[in-house]
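User: I am new to this structure and would like to be guided through it by questions and answers. Please begin once the sequence and model have been shown.

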Amino acid sequence: MNQLCLYLLNQCKTLRTVDHIHACLLKTALLSDPYIFGKLLHHCSVTISYSLDYATRLFLHYPKPNVFMYNTLIRGFSESPRPQNSITTFIEMRRESSLFSSVPPDSFTFAFLLKAAANYGSLMTGMQLHCQALIHGLDRHLFVGTTLISMYGECGRVDFSMKVFDEMLEPNVVAWNAAVTACFRGGDLESSERLFESMPFKDSTSWNLMLAGYAKAGEMEMVRKVFSEMEVKDDVSWSSMITALTQNGCFDEVFSVFMDLQRLGLRPNEVSLTGVLSACAQAGAFEFGRVVHGFVEKSGFSWIISVNNTLIDMYSKCGNVAMARLVLETMPAMKNIVSWTSMIAGLAMHGHGDEAIQLLHEMEESGIEPDRITFVPVLYACSHAGLIEQGHECFSKMKNVYNIEPSIEHYGCMVDLYGRAGDLRKAYEFICQMPVPPNDIIWRTLLGACSIHGNVELAEQVKERLSELCLTDSGDYVLLSNIYAVAGKWNNVETVRRSMTNQRIKKTPGWSMIEVDKIMYRFVAGEKQNNITKEAYDKLREIMLKLKVEGGYVPEVVGSVLHDVEDEEKEDSVTKHSEKLAVAFGMARLCKGRVIRIVKNLRICRDCHTVMKLISKVYQSEIVVRDRSRFHSFKDGSCSCRDYW
């Protein structure tokens, strides 16, 4: 009977099924067996999700828990969102030990406790536990020593980590790896490298730690070096490499590594797939993303929620919101809050405010409550679609229905809502009445609205507030310069530019990317020409001439040149902005009828916006541009944003 109950317990995947086994154990009196009870407690504390409270109630009803039971509960809390409860359990363990039978802690007790201290970043608690380990003679235990190294590293005391490591008599590879990790966490790359070179034996984890450590530090050359020197690359190695390249914007290399992985006959894991899909999303690589989606379907990964969520994000950011919606609707697994929020964010980026609000209602009807993160894209959608009343309702609903205290991001969306609608004074008053101090993003949002609506007086007030925060962002000066230029205040323009020069404030260079035949091409206007850029310039000259003759194009010199001369480094005229070069290259290389998709790191200027509309009309082409603010879908001479800036 014992073996049958244990077998059935191991098959349990939910708390509901565990409850049935618990009832059976109670009826058969097997629950009094310490071994059986310990297994049940372990299953509830560690194996089953969201069952720690159940495990706690179980524990409280057992008359004389042994050290294994205490350790099990301590471990469960250490890996939960409430790691400090591990310490409370340990205190209760010591109290019970002093009052009744002795239950001395062992090496596992301190390992789990130290992990808890590391997880909530309490150096003081970690040091007290270190003292307790000394008292019980367990500080030199290999398991405890290794966890001490990790704890001190997590709490920012690499010097203490190294002291513990140096005092270890015979550190194994796990202890060496912990020391390397601690050095990386403290930003000491030289010590990490020195330790790695000194290791008497390296396992795959050692190599993967070096990959992850260098990647986090942004040392991509070292990442490539370590990866190339690895004799054996496991799943973690490949996924770490893909993640590192994605996080550092090396998108072409991400695609190349992913293809190498498949070429070698290896099977990508969940992390690899989400990493490459994330790269497709950031780069706007729609075609490559479709290839990866096909692989996901064929390889049976479509049941994984995180992969589906990344697919929704990828299609949304690549300009195909219909495909993103299809992924959401056909997900085989249960949709979670990330699934719904990702789709709402996609609709918001494309200016589909009404659909975003409708999807919020569908989410609520499905039984999932929105959280503070969900309301950010909802308010963003209202702002970009000009839905003032709906934005008010959502903001109130967040506070009054879901008891979510607005954060600075929510307040920023409301300021943007008023600003885009042209009610600048109300936006200013809203900021002044905020219960939290406005940060630079809030003021910068209002400054952008002043630029849109040409309000010089308020712009000067906002710039003064930004100056009080001692910030020197080039974008602030660019916006103010544009406002003065449009108003014809050329002396003020010169003053702003001189101020930028004196403070050595560098302007953000503008670039645009386009995918052609699953290869990403990047354009920066004014860069040194090569065969690719020459082809783009030649095609652009042809296009601009045709637009002037057949479309009546006249450059918006004042409004656009001044905007992008400040925004795009080395651009000498509006006719050579990076998004124009990208669209020209796309028209030269892509078959007629194909959608031209472009990703731009800055806001598209008004002149480029006009040019895209004319190209879509004259050439009967569809163009999708994702700038840093939103999506613009150009077709038949109009834009999806309805020129709502």
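Analyst: One definition is needed beforehand: the expected span of a helix is 1.5 Å times one less than its number of residues. Please also note that this is a predicted model.

User: What span should helix H23 have, and how far apart are its end C-alpha atoms?

Analyst: Helix H23 covers residues 372-385, which makes 14 residues. At 1.5 Å a residue, the expected span is 20 Å. The computed distance agrees with this, because the end C-alpha atoms of H23 are 21 Å apart.

User: How many residues of H23 are buried, and which helices are included in what covers them?

Analyst: A residue counts as buried when its relative accessible area is under 20%. Among the residues of H23 that meet this are Phe-375, Val-378, Leu-379 and Cys-382. In total, ten of the 14 residues are buried, and H23 is mostly covered. The cover includes helix H21 (337-349), helix H22 (353-365), helix H24 (388-400) and helix H25 (408-420).

User: What is found at the start of H23 and just after it?

Analyst: At the start of H23, a side-chain oxygen of Asp-371 comes to within 3.1 Å of the backbone nitrogen of Ile-373. Just after the helix stands Gly-386, whose phi is positive, at about 70°.

User: How many helices and strands does the protein chain have, and in what order do the strands lie in the sheet?

Analyst: The protein chain holds 34 helices and six strands. Six strands form an open sheet with mixed pairing. Their order in the sheet is S2-S1-S3-S4-S5-S6.

User: Which strands stand at the edges of the sheet?

Analyst: A strand at the edge has a single partner strand, so one side of it is left without a neighbour in the sheet. This applies to strand S2 (519-523) and strand S6 (638-639).

User: Is strand S3 largely enclosed or left open, and which way do its side chains point?

Analyst: Strand S3 spans residues 596-600, and five of its five residues are buried, so the strand is largely enclosed by the rest of the structure. In a regular strand the side chains alternate between the two faces of the sheet. In S3, Ile-596, Ile-598 and Lys-600 point one way, while the other way is taken by Arg-597 and Val-599.

User: Which residues stand opposite Ile-598 in the strands that pair with S3?

Analyst: S3 pairs in the antiparallel sense with strand S1 (residues 512-516) over three bridges. It runs parallel to strand S4 (residues 623-626), to which four bridges join it. Opposite Ile-598 stand Ile-514 in S1 and, as the bridge partner in S4, Val-625.

User: Through which helix does the chain cross from S3 to S4, and what is the hand of the crossover?

Analyst: Between S3 and S4 the chain passes through helix H34 (residues 606-618). The resulting β-α-β crossover is right-handed.

User: How many bridges join S1 and S2, and what angle does the direction of H34 make with that of S5?

Analyst: S1 and S2 pair in the antiparallel sense over five bridges, and Val-516 has Ile-519 in S2 as its bridge partner. H34 packs on the sheet, where it touches S4, strand S5 (631-635) and S6. The direction of H34 makes an angle with that of S5 of about 35°.

User: Where is Lys-518, and what is its relative accessible area?

Analyst: Lys-518 lies in the loop between S1 and S2. Its phi is positive, near 65°, in a residue other than glycine. Lys-518 is partly exposed, with a relative accessible area of 41%.

User: Is Gln-620 buried or exposed?

Analyst: Gln-620 sits in the loop between H34 and S4 and, although not a glycine, has a positive phi of about 55°. Exposed means over 50% relative accessible area. The relative accessibility of Gln-620 is 56%, so this residue counts as exposed.

User: Is Val-144 buried or exposed, and how far is it from Phe-110 in space?

Analyst: Val-144 belongs to helix H9 (residues 142-154). Its relative accessibility is 0%, so Val-144 counts as buried. Beyond four places in sequence, it touches several residues, including Phe-110, Leu-114 and Ala-133. Val-144 and Phe-110 are 34 residues apart in sequence, and their C-alpha to C-alpha distance is 6.3 Å.

Terms used: Residues are numbered from 1 along each chain as its sequence is written. This is a predicted model: local features need pLDDT of at least 70, side-chain atom pairs count only at pLDDT 80 or more; totals for chains, interfaces and linings use all residues. Side-chain values use heavy atoms; hydrogens and water are left out. Buried means under 20% relative accessible area, exposed over 50%, partly exposed in between (1.4 Å probe, protein chains only). Helices (H or I, at least four residues) and strands (E, at least two) are DSSP runs, numbered from the N terminus. Two strands pair if DSSP finds at least two bridges between them. A crossover is right-handed if, with the strands pointing away from the viewer, the path from the first strand over the helix to the second runs clockwise. Contact means heavy atoms within 4.5 Å. A polar contact is a pair of N or O atoms within 3.5 Å; within protein, one must be able to donate a hydrogen and the other to accept it, and residues adjacent in sequence count only if both atoms are side-chain atoms. Axes are lines fitted to C-alpha atoms, for helices over the stretch in contact, and angles run from 0 to 180 degrees between N-to-C directions.
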